[in-house]
Amino acid sequence: MDVAAQHRAKRPGWITAERQTGGRGRGGKPWHAPPGNLQATWTAPADRPLVELPLYSFVAALALRDALGVWIAPTALAFKWPNDVLADGRKIAGILLQSAAGRLSIGIGVNITNAPPRHVLPEHAVPAIAMAELARPDVQEPLRADAVLAHLAIDFERWRADWGAYGFGPIRRAWLEAAANLGAPIRVVLPKETITGIFRNVDETGQLVLETSDGPRRIAAGEVYFDEG
């Protein structure tokens, strides 16, 4: 690696791909993205303690909500803990965080022109939708991956700066204001158990607070389903 490449590797930056055929989502699930959709990764030296890095998922979700809101009515957008953005109740974007060797990578996929059909999704998974299905006809900005990324990059830096200046509290409150199924029954699948309860909150560490028949449970990671079965 030459000196210039080494210098670039130390700075935050975005990497994009026109097509992704061998990607992996959360839990190692396959992620396929055709041309026209956004596949982007923000990568940077980890600037937070390891325990705080998962909170970047909330920062990215808020940035996605604001960026997609250029084309889609913001009231149609909601968050599914821990790392999905929904539009009209269907998944429109996903976030995946990875950290290694002191570096953080945040992968973001947005269904812009295409969404996976229902039959290829896991059972009980939230159906998917593309921005093209909901984009307002009066918006002059072209509905393209580069345009979405341009807005996303700006909004991400703004929310990231707010986190640095004011802490996680405002990020958490803004996320909760648009949280899907807050106060409603949800099912959380963990590696060794499945828990059903009422989605009550997200705490100061980003954990989901679930009210169960055995009392409150705090969950750091899991797969959330909105059905009760």
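## A tour from S57 outward

Start by selecting S57: beyond its neighbours within four places in sequence, S57 is in contact with P82, N83, I95 and L97. Keep in mind as you look around that this is a predicted model.

Is S57 buried or exposed? With a relative accessibility of 7%, S57 counts as buried, because the cut-off for buried is under 20%. Show the cartoon next, and you will find S57 in helix α2, which covers residues 56–68.

**One step back, to Y56.** Select Y56 and display what surrounds this residue. Neighbours within four places in sequence aside, Y56 is in contact with W42, D47, R48, L97, L104, I106, F156, R160 and W163. L97 is thus a stop on both lists, touching S57 and Y56.

**The core.** Now bring up the largest nonpolar core, which has 59 residues. Y56 is among the residues with the most contacts inside this core, along with V85, I92, I106, V110, M131 and W175. Which helix gives the core its largest share? Helix α2 does, with 10 residues.

**Across to α3.** Select residues 145–166 to see helix α3, which packs against α2 with the axes 8 Å apart and at an angle of about 135°. That angle makes the two helices oblique to each other, and α2 passes α3 in a right-handed crossing. To light up the contact, choose Y56, V59, A60, L62, A63, L64, R65, D66, A67 and L68 on the α2 side. On the α3 side, pick V148, H151, L152, D155, F156, R158, W159, R160 and W163. F156, R160 and W163 should look familiar, as they are also in contact with Y56.

**Over to the strands.** Move to strand β6, residues 84–87. Both of its faces are covered: D84 and L86 are buried on one side, V85 and A87 on the other. V85 is also one of the core residues with the most contacts.

Add strand β5, residues 77–80, and you will see an antiparallel pairing with β6 over four bridges. Here L77 has A87 as its bridge partner, and the hairpin between β5 and β6 runs through three residues.

Finish with strand β7, residues 90–100, which pairs with β6 in the antiparallel sense, again over four bridges. Look for G94 in β7, standing opposite D84. Two residues lie between the strands in the hairpin of β6 and β7, and in this hairpin D88 takes a positive phi near 50°.

Technical notes. Residues numbered from 1 in each chain as written. Predicted model: local features only at pLDDT ≥ 70, side-chain atom pairs only at ≥ 80, totals over all residues. Heavy atoms only, no water. Buried < 20%, exposed > 50% of the residue type's maximum accessible area, 1.4 Å probe, protein only. Pairing = 2+ DSSP bridges. Core = buried A, V, L, I, M, F, W, Y, C linked by side-chain atoms within 4.5 Å. Contact = heavy atoms within 4.5 Å. Axes fitted to C-alpha atoms, helices over the stretch in contact; angles between N-to-C directions. Parallel < 35°, antiparallel > 145°, perpendicular 65-115°, else oblique. Left-handed = near helix turned anticlockwise from the far one by under 90°.
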